[in-house]
Amino acid sequence: MGEFKVHRIRFFNHMPSAIRVMAFNSHTERLVVARADGAVEIFNFADNYYQEKVIPGRDGKAVEALCWVGRRLFSAGLDGEITEYDLENLRPRNSMEAYGGPIWTISSNSQGTLLAAGCEDGTVKMFEVLEDRIQFQRNLSRQKGRIISLSWHPTGSQIAAGMLDMIKIFDAETGHATHRLLVERGLQRTSNSQEVVVWSVAFLSDHTIISGDSAGKVQIWDGITGTLVRTHLLTKWDVLVLAVSPDESSVIAGTSEGTVVQFQFISSTVDQQDKQWVRTRTFKSHSHDVRALVHTDTAVVSGGVDTQLVVRPLLDKVEKNTQESAMRKIIFPHRNLVSCAKKAGLLLFQFSDHLELWRLGESDGNGKPGDRLPVKRNPEKLIQLKRKKLSQPCDVFRLVGSKLISLRIFPERIPAPLVPLSRLQVSKLPKELNSVHQLSFSSDSSKLFASSILSSVIVASVKELECKYLHTFKPPSGEFHSRQPVHLLSPSEDGNWLATANTADLNVSLQLHCSVPVCGSCPTAVSIHPFSCSLVSVHADQQIFEFSLKQKEFTAWSRKLQKQGMHPLWLQRDAPITRVTFNPNNPTHILLHDTSMFCIVDQILPLPEEKTRFYNQSVLQSLSLGERLRNSHAFKVYRNFQNLLCVDLMEDHSLVVVERPLLDIVSQLPAPVQQKKFAT
């Protein structure tokens, strides 16, 4: 397999942002997650939980509430606006001021015709959902305090609103409050004068209302009579969020202690009479506040301050000892955050609000496999560039990033010491680049490719410090071609090909050459082989394909791989491959990695069969020579890494490995919040 000199890098201190709120669309099986930095992420649960879209956050536009209305997505926040998103072009479609102060919650009726917003001024504002916008309809009767949480009755005839010290039930037709449910103050509080915040409410079809509050209680109410049925004290701190299963037989509650508690509507008798809500399970998946919950048919999905998205299957709903029964933790984005300048030995790190450009260190001497080589020159941070704060949504962050990427492609322009960045900036960018999602340069750095609206790709020439628009590649027309945003761009080394991928299509162009047959799963990484002129793509379902661009068909190796099938242990991995690259010294080697392993696929060696042992290479090396030969196959897997963010091969054939230890992330989190406060 050969040896590599490895740069093992652990100074990319990427800190994911806390999860604020989530919403699940059961019809499309999409989960939307809003983070504290304002970013909105969409995960496809039907495609191995792949993060297929990310809409960047906007300054001053933190999201406090999310809501699906059919296939349309709405959000609201403390700026007092309701925003609808354009999911094809990854940007806000339109925003509307509610004129009620900060908005704490939004919720739509089951018919998808009305959207309710709970506001700071004590009003529940009703908006009619039209084909291309929402339109204010009326206010429900105004209350003396902010509306914190909302939940519609499934019929759409009533709506429950959580407030300070109480829950109000409104008639959706007349707008008047029909019941007032007084929430008792904490049983274990040192002072009974402290107000209780009803953080979350759920309105069930049998008119049961379930509430979670800042006194640590989950309470069950009779919504018809307005009386309290039962109180469950979960914690001496806050119950922050509730979620109900689709069949309303289970409710989960998230607390500020990091626990998730499940309640089930069950009976203690054989004849299933006298059912009641019983506390049945407690899950501890988080170290800090659980701010967001979703309850699907088979799993509990949770997120919060510790930044992790946790999918915990309910073992009574799935088959045990299967891939579906395994718990998943999603920490890092399913995309590349590190760019490598292979000739210059530079790394570009992408944070949510700034970029860092580093120069790799150098070692002196050689050694045996596993040796730590002495460092002759330490890694050096050359530039830190912060994103400008803008009031309007714009892709300045990524465009500024492209200037840094252009620096890495022109290493002769980076003298030592580095000249001021202002002397190297492109003076003016074409207006066509004002709204783009992804950027990539050709290998000779003469062209810039940028994915834009309607699945198009913009091509610009880069000469000296001038960037000039050339033309736009538009996707093929027809009902079988998607208009989803392009999330992957991969130009070939010779500049003759450009591979583009969105959630449905994989195309090769520099004039449209071909569309690769659809496999049914979203591509997570693509790359064009520099010698064989074949396209290697890896998908969210962990399948690998190799497509010959000259023959316009899958290669013999790819067909053999699909016929035999991937090894079960390969398919059971829960993290997507995010990078594909090749070894110039050995064209039959394909290098892949996800966040937990690095793999070299040797196309000459036999493929692993179903019963073949899938050894980690460190274990394989400890075996005898004969045993190693008997267990040798095409997939060489290395798992001695932690949270891999990048594995790439530099021009000097050294291997760059960028890791982010999870322990560092936990140490940077704030102390667990013991009592929630209102934002001011």
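Select strand β14, residues 149-152, in this predicted model. S149 and S151 point one way from the strand, while L150 and W152 point the other way. All four of these residues are buried. Now add β15, residues 158-162. The two strands run antiparallel and are joined by four bridges. Opposite S149 in β15 stands G162. The strands form a hairpin with five residues between them. In the turn, pick G156, whose phi is positive at about 80 degrees.

Next, go to the loop that precedes β14 and show the side chain of R146, then that of E120. These two side chains meet in a salt bridge, with an N to O distance of 2.7 Å. The pair links distant parts of the chain, 26 residues apart: E120 lies in the loop between β11 and β12, and R146 in the loop between β13 and β14. Is each partner buried or partly exposed? E120 has a relative accessible area of 27%, so it is partly exposed. R146, at 18% relative accessibility, counts as buried, because the cut-off for buried is under 20%.

Continue with other charged pairs; the count of salt bridges comes to 22. Select R30 and E52, whose side chains meet at 2.8 Å, N to O. R30 belongs to strand β3 (residues 30-35) and E52 to strand β5 (residues 50-55), and the pair is 22 residues apart. R30 is partly exposed, with a relative accessible area of 23%, whereas E52 is buried at 8%.

Then select R93 and E84. Their side chains form a salt bridge with an N to O distance of 3.4 Å. R93 is partly exposed at 46% relative accessibility, and E84 is buried at 2%. Add R72 and D86 to the selection: salt bridges that share partners join R72, E84, D86 and R93 into one network.

Move on to the open sheet of four strands, ordered β22-β23-β24-β25 with antiparallel pairing. Which strands are at the edges? They are β22 (239-244) and β25 (276-284), each of which pairs on one side only. From one strand to the next, the twist averages 25 degrees. Inside this sheet, select β23 (residues 250-255) together with β24 (residues 259-266): five bridges join them in the antiparallel sense. To check the register, pick I252, whose bridge partner in β24 is Q262.

Now jump to strand β46, residues 544-548. Five of its five residues are buried. I544, E546 and S548 lie on one side, and F545 and F547 on the other, so that both faces are covered.

Show the neighbours of β46 in turn. Strand β45 (residues 534-539) runs antiparallel to β46 and is joined to it by five bridges. S534 has S548 as its bridge partner in β46. These strands form a hairpin with four residues between them, and Q542 in the turn has a positive phi of about 75 degrees. Strand β47 (residues 553-554) also pairs with β46 in the antiparallel sense, over two bridges. Here S548 has E553 as its bridge partner. This hairpin too has four residues between the strands, and K552 takes a positive phi near 55 degrees.

Keep I544 displayed and add W570, I577, V580, L592 and F635. Of the 21 residues in the largest nonpolar core, these six touch the most other members. To place the core among the secondary structure elements, colour β45, α2 (556-564), β48 (579-583), β49 (586-593), β50 (598-602) and β51 (635-638), each of which supplies at least two of its residues.

Centre the view on F635. Which residues is F635 in contact with, leaving aside its neighbours within four places in sequence? The contacts are I544, M566, W570, C599, I600, V601, L607, P608, F614 and Q617. I544 and W570 appear both in this list and among the core members named above.

For the last stop, select F349, L360, C646 and M650. They are included in a second, separate core of 17 residues.

Methods: Residues numbered from 1 in each chain as written. Predicted model: local features only at pLDDT ≥ 70, side-chain atom pairs only at ≥ 80, totals over all residues. Heavy atoms only, no water. Buried < 20%, exposed > 50% of the residue type's maximum accessible area, 1.4 Å probe, protein only. Pairing = 2+ DSSP bridges. Salt bridge = Lys/Arg side-chain N within 4 Å of Asp/Glu carboxyl O. Core = buried A, V, L, I, M, F, W, Y, C linked by side-chain atoms within 4.5 Å. Contact = heavy atoms within 4.5 Å. Axes fitted to C-alpha atoms, helices over the stretch in contact; angles between N-to-C directions.
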